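User: Please take a close look at a single part of this structure, and then set it in its wider surroundings. I am new to the structure, so kindly explain each term as it arises.

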Amino acid sequence: MDKTHKIRANKINLNRRDVLRCAAMAGTALAGTSVLPMSVSAANNTKGRLNQSIAYWCFSKYWEIEKTCRIARQLGCKSVELVEPKDWPTLKKHGLVCALANSHWFEKGMNNPKYHEMCLGKIREGIDACADFGFPNVITFTGLAEDIPLDEGIRNCVAGYKKIIGYAEKKKVNLCLEILNSRVPVDMVGVPGYQGDHTDYCMEIVRQVGSPRMKLLFDIFHVQIMDGDIISRIRQYKDYIGHYHTAGNPGRHELDDTQEINYRPVMQAIAETGFTGYVGHEFIPTRDPLEGLSEAVALCNV
């Protein structure tokens, strides 16, 4: 986990009490073990229509990469994402992929030409690594608005992405532009000042780039905060979405009854679009991480 991710995770209150526990897991001590109850075993969770993934930065304080891979396999997940390339051989050993690779970070993004050289270099590195391993997606961001007007931010992003998208096409790797919310404070996992904070804004960039390799990273948590109307937006933009992220709102925590998003029908809507990519679980645990992740995987198994 990089420094930014550590700060991001450590600022979250990890002491919130567990309100609802899955009945199938009651009485099972999950912490420190790699054996899961049958209700959340791979046998039950590989039959769904969606490919599920684990966002490693959310769980790296609990498990090193080898254990995370074992847990992913036992849960029926097919990916551990946002993992550095040095650990990709470990993923391959376990028959997993990195569904979403890192590149530049969100503060300095493609909306500002002075950052283009840096961003494009990191995106190219991500594309090359994904192409070598056969992995599908590289993450990218608009960046903070700073003093850049909205329309200028779109123009700058489009111009920048057009410099690299042909290379992504050649290498058969997608660029996934993430929507981030700008409403909640950073200690609640918001990004005040982020320019690509609305679905329609990011979609305008994706459309103008005009490549099947330019995709939208639809983070359900962020979209709920900024736009709502999640299922309608999934159906509207289904042909442009390359990756999904989950987390409970408010707080970016477990997908349980303490939060407001009704994830089961959201996942059913995604499956009904024929989506063949990955749904990454990117929530910050407040209780036993394996229990919360197991519940999320079971809930999203549609």
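Analyst: Two strands are said to pair if DSSP finds at least two bridges between them. Strands (E, at least two residues) and helices (H or I, at least four residues) are themselves DSSP runs, numbered from the N terminus. The model is a predicted one, in which local features need pLDDT of at least 70 and side-chain atom pairs count only at pLDDT 80 or more, while totals for chains, interfaces and linings use all residues. Residues are numbered from 1 along each chain as its sequence is written, and side-chain values use heavy atoms, with hydrogens and water left out.

The part chosen is strand β1, which spans residues 51–55. Five of its five residues are buried, a word that stands for under 20% relative accessible area, with exposed meaning over 50% and partly exposed in between (1.4 Å probe, protein chains only). In a regular strand, side chains alternate between the two faces of the sheet. Both faces of β1 are covered: one carries the buried residues Asn-51, Ser-53 and Ala-55, and the other carries Gln-52 and Ile-54, also buried.

What does β1 pair with? Strands of a sheet pair through backbone hydrogen bonds, either parallel or antiparallel. Strand β7 (residues 278–281) runs parallel to β1 and is joined to it by four bridges; here Ile-54 stands opposite His-281. Strand β2 (residues 79–81) also pairs with β1 in the parallel sense, over three bridges, and Ser-53 faces Ser-79 of β2. Helix α3 (residues 65–75) completes a right-handed β-α-β unit with β1 and β2; right-handed means that, with the strands pointing away from the viewer, the path from the first strand over the helix to the second runs clockwise.

These strands belong to an open sheet of seven, ordered β2-β1-β7-β6-β5-β4-β3, with parallel pairing. Strands β2 and β3 (137–140) each have a single partner, so one side of each is left without a neighbour in the sheet. On average, neighbouring strands are turned by 30° against each other, direction ignored. Such angles run from 0 to 180 degrees between N-to-C directions, and axes are lines fitted to C-alpha atoms, for helices over the stretch in contact.

Elsewhere on this sheet, helix α8 lies across β4 (174–178) and β5 (214–219), at about 165° to β5. Helix α8 (residues 199–209) also packs with helix α6 (residues 150–162) at about 40°, with axes 9 Å apart. Contact means heavy atoms within 4.5 Å, and the residues that make it include Gly-153 and Ile-154 of α6 and Ile-205 and Val-209 of α8. Arg-207 is found in α8 as well. Leaving aside neighbours within four places in sequence, Arg-207 is in contact with Tyr-237 and Tyr-240.

For the whole protein chain, there are twelve helices and seven strands. Buried residues make up 59% of its 302 residues.
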